[in-house]
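Reader: I'm new to this one and keep tripping over the labels. Could you walk me through where they come from?

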Amino acid sequence: MKALSFKDLAAHLVLLALTFATLYPFFWMIVTSFRPAQEVFTETYSWLPQTFTGLSHYISAFEQAPMLRFMLNGVIVCLGVLVVQLLTAIPCAYALAKFEFRGAKLLFGAVLLILTVPIQVPALPLFMALAELDLLDTYFAMMLPFFLSVFAIYLFRQTFRAFPDEIIQAARMEGMGEWEILWRVVVPSARPAIAAFAVFSITAHWNDLYWPLIVITDTSLAPPPLAMMYFADNESGANFGALMASATVLSAPLILLYLCAQRQFVAGITMTGVK
């Protein structure tokens with residue numbers, strides 16, 4: 001067996017340290033969901049619970065808040081946003097990647113510029129518009145600001161640029177229209193990029209607290225992040241056991257999603273930068 005060089009050993013140590021820093025919060029979350037309240041803040045730290053509480057915190061989490069309803073709301077919002085994002089971003093990206101027209105570079109530059117604009121910038125006018133139209137406290141209000149994703153346009157544009165022009169020309173000679181070429185020829189080849197974007201989109205909107213906190217007051221419409229607020233009490237303090245149990249339950253779908261789409265996710269990110 002070939003011995004590792006000092007450079008390789010240092011690189012492995014850095015990667016192990018970064019892996020530990022990434023995974024430790026998840027470990028602490030899961031372990032705390034099985035600790036009694038008195039063990040959360042102690043002078044001595046123990047890796048595992050001294051007293052195992054079983055599933056009591058998980059039962060308490062489901063009794064204190066409608067967790068399944070929160071998760072259903074998250075699924076509705078994430079899927080609704082993702083479908084509209086794909087329907088709008090894919091044609092825009094295809095036009096930028098394969099059509100030559102005046103102002104194409106300027107338009108792509110605008111896409112890159114908009115990538116730097118956070119949701120906090122248009123939040124006030126969007127809120128006022130939704131309030132004026134009496135659309136607050138609706139799924140539509142939670143989804144509206146994210147229907148057009150400039151990140152998706154950028155990602156798919158880079159992917160479509162790598163698609164051979166010869167195949168598109170051959171499809172045109174066969175009498176296929178541009179929409180048919182896009183959806184039947186180009187899009188199937190971009191499935192890894194679509195899967196990668198789907199992971200990004202679902203993760204971002206499943207975990208989004210800022211915008212739902214502004215437009216939602218109806219508990220029955222609250223998405224998963226708002227569920228965390230049910231376990232914090234200004235007078236009695238947070239119920240950390242139930243809080244970590246609910247966080248574990250709400251994080252599980254995202255972890256399963258990534259594990260199922262891991263290969264497509266890596267392929268999609270890799271092919272974006274390959275011409």
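Author: Sure, starting with a word we'll need: contact means heavy atoms within 4.5 Å. Keep in mind that this is a predicted model.

Reader: With that in hand, which residues is F160 in contact with, leaving aside its neighbours within four places in sequence?

Author: Setting those neighbours aside, F160 is in contact with I90, A93, Y94, A97, K98, V186 and A190.

Reader: And which residues of the largest nonpolar core touch the most other members?

Author: F160 is one of them, along with I90, F156 and V186, in a core of 58 residues. Helix 3 (residues 67-98) gives this core its largest share, 14 residues.

Reader: What makes C78 buried or exposed?

Author: Buried means under 20% relative accessible area. C78 has 3% relative accessibility, so C78 counts as buried.

Reader: How about C92: why does it get its label?

Author: Partly exposed is the range between under 20% and over 50%. C92 has 34% relative accessibility, so it counts as partly exposed.

Reader: How many disulfides does a search of the whole structure find?

Author: Zero. To count, a pair of cysteine sulfur atoms would have to be within 2.5 Å, and the search of the whole structure turns up none.

Reader: Why are helix 9 and helix 10 called roughly parallel or roughly perpendicular?

Author: Helix 9 (residues 178-189) and helix 10 (residues 191-206) pack at an angle of about 70 degrees, and their axes are 5 Å apart. Angles of 65 to 115 count as roughly perpendicular, so that is the label for helix 9 and helix 10.

Reader: Which residues meet there?

Author: From helix 9 you have V187, P188 and S189, and they meet R191, P192 and I194 in helix 10. By kind, the residues of this contact are four nonpolar, one polar and one charged.

Reader: What is Phi of D134, and where does D134 lie?

Author: Phi of D134 is near 60 degrees, which is a positive value in a residue other than glycine. D134 lies in the loop between helix 5 (123-132) and helix 6 (139-143). Exposed means over 50%, and D134 has 66% relative accessibility, so D134 counts as exposed.

Reader: What about D137?

Author: D137 also has Phi near 60 degrees, a positive value in a residue other than glycine, and its place is in the loop between helix 5 and helix 6. At 27% relative accessibility, D137 counts as partly exposed.

Key
Residues numbered from 1 in each chain as written. Predicted model: local features only at pLDDT ≥ 70, side-chain atom pairs only at ≥ 80, totals over all residues. Heavy atoms only, no water. Axes fitted to C-alpha atoms, helices over the stretch in contact; angles between N-to-C directions. Helix = DSSP H or I, 4+ residues; strand = E, 2+ residues; numbered from the N terminus. Parallel < 35°, antiparallel > 145°, perpendicular 65-115°, else oblique. Nonpolar A, V, L, I, M, F, W, Y, C, P; charged D, E, K, R; others polar. Buried < 20%, exposed > 50% of the residue type's maximum accessible area, 1.4 Å probe, protein only. Core = buried A, V, L, I, M, F, W, Y, C linked by side-chain atoms within 4.5 Å.
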